[in-house]
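Thanks, everyone, for making the time this morning. I would like to walk you through one structure, starting at its ligand and then working outward through the sheets and the loops.

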Amino acid sequence: MIDRALTALSSMLVPGGDSISARRLYERAVEEFFGSGTALAFWKGRVALYAILRALGIGEGDEVIVPGYTCVMVPGPVVYTGARPVYVDIDPQHYNMQPEEVERRISPRTKAILVQHTYGFPAPIEPIRKLADARGIAVIEDCCHTFGGRLDGQLLGTFGTAAFFSGQWNKPFSTGLGGLALVHDAALARRVRQQQESYPSPSRTAAFMLASQLLVYELVIYPSVTALATEVFRWLTSKGLVVGSSSTAEFDIVMPPNYALRPSPVQCRIGMCEVRRTPHNLERRKHGAGRYIAELPRLGYSVPSIPENWDLMLLRFPLRVANKQEALANASRYGVEIGSWFECPLHPIQTDQPAFGYNDGACPVAERAAAEVINLPTHRRVSDKDIDRTLAFVAEVCRPAG
Ligand SMILES: Cc1ncc(COP(=O)(O)O)c(C=O)c1O
């Protein structure tokens with residue numbers, strides 16, 4: 001925590017520009033962590049995805065398969081290239097796309113399959129990759145919900161043609177805002193680098209605001225105040241007083257201005273701290289998830305099965321309840337940090353889903369999950385007391401979904 005706070009503070013003094021050395025050092029640290037691929041840093045995860053799609057030459061007339069249980073920031077970049085997102089339903093237990101459903105949606109126009117490891121549960125990436133390889137289709141892993149999770153001992157993010165990660169506030173690898181591409185094909189990596197080099201740096205003001213927000217976050221945001229802080233943050237974002245994760249323009253199908261940006265130096269410096277901290281992060285998240293898995297069945301909830309070949313790094317712990325809105329409405333009163341996402345197949349609820357090509361009823365399993373699932377915190381700031389309080393809240397306020 002101290003190193004992140006000091007890094008944020010020092011970055012407030014020199015906030016802007018594009019420090020190539022900081023960026024390269026950060027990218028190299030990520031490459032070392034994964035042991036394969038070329039890492040490229042961006043302002044946000046969605047920008048990393050956009051750069052990968054552009055580098056793959058995806059555009060008008062192409063299709064990209066995406067899960068029908070995601071946030072709108074995923075089909076957004078697809079639509080900005082001129083391609084069409086094709087939505088695939090999920091399995092009800094681990095919230096991921098299944099190979100049979102993916103196969104049904106492949107067409108001669110399919111140029112990429114985006115495989116999201118939802119909440120950090122590994123998606124069936126190997127069979128999906130086989131389907132894609134046989135047809136010359138690129139596989140992009142969406143690792144925004146995991147950093148350090150493994151399947152069969154192999155790190156998620158190293159299975160496909162490329163992967164991308166988010167560094168957003170609540171993500172397992174957090175640089176306030178931030179994004180990384182990890183590319184496993186040398187020629188593609190060169191083209192993603194060209195994309196990155198062609199993007200401008202964020203403004204000094206945006207970089208300064210982000211550095212200050214990171215400092216405040218390190219010093220005062222803990223689970224008991226998160227619900228209140230989120231409300232305040234949304235209000236400040238709407239007034240343009242802080243840099244938000246998304247602007248309302250991003251719920252539109254036209255790419256907003258200042259979208260495709262390189263990272264600011266503060267993100268690269270904080271990113272270096274995050275890479276160093278990953279083992280601790282993993283251990284905390286495993287502990288949190290382990291407690292929910294052990295204790296929720298006693299409260300009458302069924303929990304997802306965890307196969308032995310999974311080494312889990314869960315972003316949040318999903319829980320199906322019969323009274324989602326009631327649970328969300330009561331969370332801040334109980335001082336617990338309860339997440340609502342995904343609120344609909346293309347989170348958040350304000351998304352004009354048909355504009356992004358999603359029509360009601362297309363992914364019924366995902367729609368039901370969106371209506372039922374709340375998520376519980378597992379991150380490094382969650383103490384055992386916070387978990388006790390969260391479980392007490394579940395026992396008192398929530399009812400298991402039927
Ligand atoms: C599954 C998933 N993919 C991609 C993103 C986009 O990441 P970012 O906010 O860094 O652009 C998110 C964001 O919340 C997400 O949940």
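Let me begin with the ligand, where 14 residues make up the surroundings, and where Gly45, Arg46, Asp142, Ser166 and Lys171 come nearest. Please keep in mind throughout that what you see is a predicted model.

Three polar side chains deserve a careful look. The side chain of aspartate 142 places an N or O atom 2.8 Å from a nitrogen atom of the ligand, while in histidine 145 a polar side-chain atom lies 3.0 Å from an oxygen atom of the ligand. Lysine 171 also takes part, with an N or O atom of its side chain 2.7 Å from an oxygen atom of the ligand. How much of the ligand's accessible area does the protein cover? On its own the ligand has 390 Å² of accessible area, and the protein covers 93% of that. If we ask which elements give two or more residues to this shell, they are α3, residues 45–55, and β9, residues 162–166. In terms of character, the residues of the shell divide into 5 nonpolar, 5 polar and 4 charged.

Since β9 has already come up, let me turn to the sheet that contains this strand. Here 7 strands form an open sheet with mixed pairing, and the order runs β1-β10-β9-β6-β5-β2-β4. At the edges we find β1, residues 38–42, and β4, residues 84–88, each of which pairs on one side only. Ignoring direction, neighbouring strands of this sheet are turned by 20° against each other on average. Within the sheet, β6, which spans residues 138–142, runs parallel to β9 and is joined to that strand by 3 bridges; isoleucine 140, for instance, has alanine 162 in β9 as its bridge partner. Packed on the sheet is helix α7, residues 186–198, which touches β1, β9 and β10, the last of these being residues 179–183, and whose direction makes about 20° with that of β1.

There is also an open sheet of 3 strands, in the order β8-β7-β11, and its pairing is antiparallel. Its edges are β8, residues 154–155, and β11, residues 310–311, and because each has a single partner strand, one side of each is left without a neighbour in the sheet. Strand β7, residues 150–151, is joined to β11 by 2 bridges, the two running antiparallel, and arginine 150 has aspartate 311 as its bridge partner in β11.

Finally, some backbone geometry that you may wish to inspect for yourselves. As a reminder, most residues other than glycine have a negative phi, and most peptide bonds are trans. Against that background, where does tyrosine 119, with its positive phi near 60°, lie? Tyrosine 119 is in the loop between β5, residues 110–116, and α6, residues 125–135. A cis peptide bond, with omega about 5°, joins tryptophan 341 and phenylalanine 342, and phenylalanine 342 belongs to the loop between α11, residues 324–334, and β13, residues 346–347. Histidine 347 and proline 348 are likewise joined by a cis peptide bond, with omega about 0°, and proline 348 is found in the loop between β13 and α12, residues 364–372.

Conventions: Residues are numbered from 1 along each chain as its sequence is written. This is a predicted model: local features need pLDDT of at least 70, side-chain atom pairs count only at pLDDT 80 or more; totals for chains, interfaces and linings use all residues. Side-chain values use heavy atoms; hydrogens and water are left out. A residue is near a molecule or strand if one of its heavy atoms lies within 4 Å of it. A polar contact is a pair of N or O atoms within 3.5 Å; within protein, one must be able to donate a hydrogen and the other to accept it, and residues adjacent in sequence count only if both atoms are side-chain atoms. Accessible areas come from the Shrake-Rupley method with a 1.4 Å probe; for residues, only the protein chains shown count as cover. Helices (H or I, at least four residues) and strands (E, at least two) are DSSP runs, numbered from the N terminus. Ala, Val, Leu, Ile, Met, Phe, Trp, Tyr, Cys and Pro count as nonpolar, Asp, Glu, Lys and Arg as charged, and the others, Gly among them, as polar. Two strands pair if DSSP finds at least two bridges between them. Axes are lines fitted to C-alpha atoms, for helices over the stretch in contact, and angles run from 0 to 180 degrees between N-to-C directions. Contact means heavy atoms within 4.5 Å.
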